[in-house]
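Welcome to this guided tour! Keep your viewer open, and select each stop as we come to it.

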Amino acid sequence: MPMASTLTIVRNPIFLTHHCQLNKHFTTPSSLRLLSFAKMEGSEISEEVGEDSRAKRKIFVAGATGSTGKRIVEQLLAKGFSVKAGVRDLDKAKSTLSSANPSLQIVKADVTEGSDKLAEAIGDDSEAVVCATGFRPGWDLLAPWKVDNFGTVNLVEACRKRNVKRFILISSILVNGASMGQLLNPAYIFLNVFGLTLVAKLQAENYIRKSGINYTIIRPGGLRNDPPTGNVVMEPEDTLYEGSISRDQVAEVAVEALAYPEASYKVVEIVSRPDAAKRSYHDLFGSIRQR
């Protein structure tokens, strides 16, 4: 069968595994096989396995020293992939990340400095970009727009310049709270106090969706630093308005989104629940319809 490239499939992945845990506990804001598309005849799919071929693939992670970003980096490295960690503070990164790992490259990357510098940081060797950035709450009410809106747009434009065709964004549930009738939801009010954070994120999401890039937008509930205590629940966009999830599980969903074609061009919302049945990521992503 003539092959243009190869498609790697992960079957039945089993892994245990924005600032906020919504409502009751609100606080501010596995194996990966990176896809390249294959020619398929009928139902035949070629599978590529082997540590050497996987290690050659590199993923750029923006916001790599953040609480969620560093978990994404760790999970990617644990599965044998090369990672280019984009960070603002190189010294912090060296103490936060496993800088001795030969599969990890740490580069200076500030999403607020424009797409040209970001394109230089991403380079020609990155096959996908994961955006796990987030502004730091403070007195600068424009910070959410600089980071969560314009910063994300800069990153998408940098992908275009480097011909990177896969983009994963970590966003938040309730970004479209106004349309969901959640204007009085305490979580929606709280997050938007900081310069209309959720509005900034929603505008960035809209830009991504119109850009033509192969995206997966992940909207987690309130983020917890502790280990997972339940299974992942995945719903379509504008569905969830409460709930929380471990950052470890958010990182896992981001990694798995790169592995499954069912995740392409979708917006998914995730929380974890102790009483939820454990489902494969093939089923979870497959259950979400594109809009």
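Does isoleucine 189 count as buried, partly exposed or exposed? Select isoleucine 189 and switch on the surface to look. With a relative accessibility of 41%, isoleucine 189 counts as partly exposed, because that class covers values between 20% and 50%. Please keep in mind throughout that this is a predicted model.

**Stop 1: around isoleucine 189**

Show the cartoon again and you will find isoleucine 189 in helix H6, which covers residues 186-193. Now add Leu183, Leu184 and Val193 to your selection: together with Ile189 they form a nonpolar patch on the surface. The accessible area of these residues together is about 430 Å².

**Stop 2: the whole chain**

Zoom out and colour by secondary structure. The protein chain has nine helices and 10 strands. It has 291 residues, and 55% of them count as buried. About 13,100 Å² of the chain is exposed, with 52% of that area supplied by carbon and sulfur atoms.

**Stop 3: aromatic rings**

How many aromatic pairs does a search of the whole structure find? The search finds four. To visit one of them, select phenylalanine 135 and phenylalanine 194. Their ring centres are 6.4 Å apart and their planes meet at 50 degrees, so this pair is tilted. The pair links distant parts of the chain, as its two members are 59 residues apart. Phenylalanine 135 sits in the loop between strand S4 (126-131) and helix H5 (143-162), while phenylalanine 194 sits in the loop between H6 and helix H7 (197-211). Phenylalanine 135 counts as buried, at 4% relative accessibility. Add Phe190 to the view, and you have a cluster in which ring pairs link Phe135, Phe190 and Phe194.

Next, select tyrosine 281 and phenylalanine 285, another aromatic pair that is tilted. Here the distance is 6.0 Å centre to centre, with 35 degrees between the planes. Both residues lie in helix H9 (residues 281-286), four residues apart, which is about one turn of the helix. Are these two buried or exposed? Tyrosine 281 is buried, with a relative accessible area of 4%, and phenylalanine 285 is buried too, with a value of 0%.

**Stop 4: the largest cavity**

Now look inside. The largest cavity holds about 70 Å³ of space. Which residues line it? Select Cys131, Thr133, Asp148, Thr152, Leu169, Ile170, Ser171, Lys201 and Ala204 to see the lining. Helix H5, strand S5 (166-170) and helix H7 each supply at least two residues of this lining.

**Stop 5: two loop residues with positive phi**

Go back to the loop between H6 and H7 and select leucine 196. Its phi is near 55 degrees, a positive value in a residue other than glycine. Leucine 196 counts as partly exposed, at 43% relative accessibility.

For the last selection, pick aspartate 238, in the loop between strand S8 (231-236) and strand S9 (244-246). Phi of aspartate 238 is also positive, near 60 degrees, and this residue too is other than glycine. With a relative accessible area of 24%, aspartate 238 is partly exposed.

Key:
Residues are numbered from 1 along each chain as its sequence is written. This is a predicted model: local features need pLDDT of at least 70, side-chain atom pairs count only at pLDDT 80 or more; totals for chains, interfaces and linings use all residues. Side-chain values use heavy atoms; hydrogens and water are left out. Patches are made of residues with over 30% relative accessible area and no salt bridge: like charges are joined within 9 Å, nonpolar side chains (Val, Leu, Ile, Met, Phe, Trp, Tyr) within 5 Å. Accessible areas come from the Shrake-Rupley method with a 1.4 Å probe; for residues, only the protein chains shown count as cover. A salt bridge is a side-chain nitrogen of Lys or Arg within 4 Å of a carboxyl oxygen of Asp or Glu. Buried means under 20% relative accessible area, exposed over 50%, partly exposed in between (1.4 Å probe, protein chains only). Rings of Phe, Tyr and Trp (its six-membered ring) pair if their centres lie within 6.5 Å; planes under 30 degrees apart count as stacked, over 60 as edge-to-face and the rest as tilted. On a 1 Å grid over the protein atoms alone, a cavity is a set of points where a 1.4 Å probe fits but cannot get out, and a pocket is an open set with protein on both sides within 12 Å along at least five of seven lines; lining residues have an atom within 4 Å of a point. Grid points are joined across faces, edges and corners, and a volume is the space filled by probe spheres set on the points.
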